[in-house]
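Biologist: Please show me the structure. I would like to go through it by question and answer.

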Amino acid sequence: MNQPATLPLVTALLDAPLPPSGIDWLDAMRQENREAFAAGGLPDTRVEAWKYTALRALSQRRFAPGDAGAQTRAVDASTLALPGVDGPRLVFVNGEFRADLSAIDAPPAGLTLQPLSQALKGDAEPLRFALSRSASLGHARGAGDAFTHINAASAADGVVLRVAAHHKIAAPVHLVFIGAAADAAVAWHVRHIIELGEGAELSLVEQHIGSDESSHLATLVSDIDLREGAVLHHVLLQNATTTSTLIRQSRLRLHTKAHAMMHVLELGGALVRHDLQAELIGDDAQLDTRGVFMPHGRQHLDTQLAIRHQALNTRSSSNWRGVASDRARGVFRGAMVVAPGADGSDASLSNKNLLLSPNAEIDTKPELEIYADEVKAAHGATVGQLDERSLFYLRSRGIPLHEARALLTTAFCRAVLDDLPNEALREHLAELLIAQLPTH
Amino acid sequence: MSMLTIENLHARVEGKEILKGLSLTVNAGEVHAIMGPNGAGKSTLGNVLSGRDGYEVTAGSVIYNGVDLLALDPEERAAAGVFLAFQYPVEIPGVNNTYFLRAAFNAQRKVRGEKELDSMQFLKLVREKLKVMQISDELLHRAVNEGFSGGEKKRNEIFQMAVLEPQLAILDETDSGLDIDALKQVAQGVNTLRSPERAFLMITHYQRLLDYVVPDFVHVLADGRIVESGDKSLALKLEAQGYAGVAERHPAGASA
């Protein structure tokens, strides 16, 4: 883990001035995290959680700390709309909230929505606990902490979202993160704090897009807390450009009878890492994750699930599909832990993968640790090619080979979208999947 | 000109010679039954004609409407009017049956320079065919062959044939695994499609399909060659005597 602080990336990140806040505890916290990063450095492939994702090339690059022109970068807001997503919208350009592109003036009753940069200007005290919770959740410690420290030290913007108890927010909230063309390669960092009160319901659509005219290193850390009986539908559409490096960490806490359902599409980016960590800490909490990662070209997409069952009768199901073409690389790790006392839990995980080219690679690793009684658990992972019999069947009916491949690949991926309730959005996501398929 | 002329066809599967000099001529409007014992090469013939990978033609030729059929990709053969009803239709989860069939239908029309149909037009066509085939439209809404019973799969093959309207239909043991009612339905479907422009090659192990679809010619395929040809009475003779009689009349290795 330790390496000389002379790596260009490390130097650049350490040289960046900490964002000024005027809040003592926040300044101290940022300083601590910067020191923790300086001490720990970047993980290398000897660290199990980074075994398949080498940061060597990234560590040689330099990124400017933020984009001074972020507030004025031209973005056509009319291109941001997504079918089926008609609620309030928050838009961030190169890590900074853009009021001019956003629509949060009239949030529905029960929903509080604010960029972190504004929240910190007011009474920051309510954010203290969440912002101080910087490092990874206990069971995933060491997995990506370097970037968590960088993020905690540097993030000055993001989303602060709360749904009051028993409020069901009908229209999906849309979060857009844009890596816009800047004067140089830029690093930016955003931090989200999302809380659903008791019995609250929310649908959240998070989207990452960008321009490929300059490169970006973005770190994104989300804390998502679901109180008793809260329900969250979270769709994450990562369609950043192939000049983007995204390091994300999502940390979910599910209290009693809370239910989170996540649908993740990892399509874009050059190097993308997503640590999705969930703790089911209340009895009968339920987590369902669905995802597709579809690297092509020379993309590297790495998803790391860590799900921890800590209470009685908790349930988690995860269904992920990977499709790699060209020289791309996909990495998936799905770790489920059923902790002592989490009796009656049900944990299942499936990751099926397709290699569409002999030079593509997918490394998948399901892990299961059970320390409780009367647990139902299942996990499985496969890596294969398109079924020759199916291909021939389609071709024998007149469907050309490339179309037959696309048809089968789409069907393979769509399986994880089937239970997305937002039909308009589901169809849109399916079209994005099809658009990403190799055309040869 | 004949529609299909197979001459001295030799083909190997996994290095093993299966077809050993098969010759056969099929004209438009004719129904040919190919019968023979297990392992004679019946399914290999169907697969070679439809262009399946893994079948290596080592000698001979197949001319279809004046074109070298063996030089075409499977999808090109389909567009040229060749259809194979599979012995074991493949289940394709996640691909809707109607969507699949329209994709196939339009892909073929595109190659032939004909107008493609939109989903409404296609649905109209499909409903007409369903009526003729006496197939429930529930099959349309399901994934291709997924969870279909054996009979449903075979009927779906015939239904696809009805929609795609091939010139040369090859039925690979379409009768196998069917109960008598399903067999009659399949046979009725085939009979409906019989026409002066269309030819059928029915590969079958048993004679019973031929009670319902009466062939113009019956050929016995044994050890990779057609060893005997005749009219429908040959099928009855085979039924009575079994394929053992064929082996006696045409010992392996002897020339036809």
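The questions below turn to the chain contacts, then to a sheet and its helices.

Modeller: This is a predicted model, where local features need pLDDT of at least 70, side-chain atom pairs count only at pLDDT 80 or more, and totals for chains, interfaces and linings use all residues. Residues are numbered from 1 along each chain as its sequence is written, while chains are lettered from A and ligands numbered from 1 in the order in which they are written.

Biologist: How many residues of chain B are in contact with chain A?

Modeller: Contact means C-beta atoms, placed from the backbone, within 7 Å. On the chain A side, 18 residues take part. On the chain B side the number is 20.

Biologist: Which strands stand at the edges of the open sheet in chain B?

Modeller: Strands here are DSSP E runs of at least two residues, helices H or I runs of at least four, numbered from the N terminus. Pairing takes at least two DSSP bridges, and the 6 strands run in the order 6-9-10-3-11-12 with mixed pairing. Each edge strand has a single partner, so one side lacks a neighbour in the sheet: these are strand 6 (82–85) and strand 12 (225–230).

Biologist: In strand 9 of chain B, which residue is the bridge partner of B:Leu84?

Modeller: Strand 6 and strand 9 (168–172) of chain B pair in the parallel sense over 4 bridges. The partner of B:Leu84 is B:Ile170.

Biologist: What angle does helix 6 of chain B make with strand 6?

Modeller: Axes are lines fitted to C-alpha atoms, for helices over the stretch in contact; angles run from 0 to 180 degrees between N-to-C directions. Helix 6 lies across strand 6 and strand 9 of chain B. Its angle to strand 6 is about 165°.

Notes:
Two residues are in contact if their C-beta atoms, placed from the backbone, lie within 7 Å.
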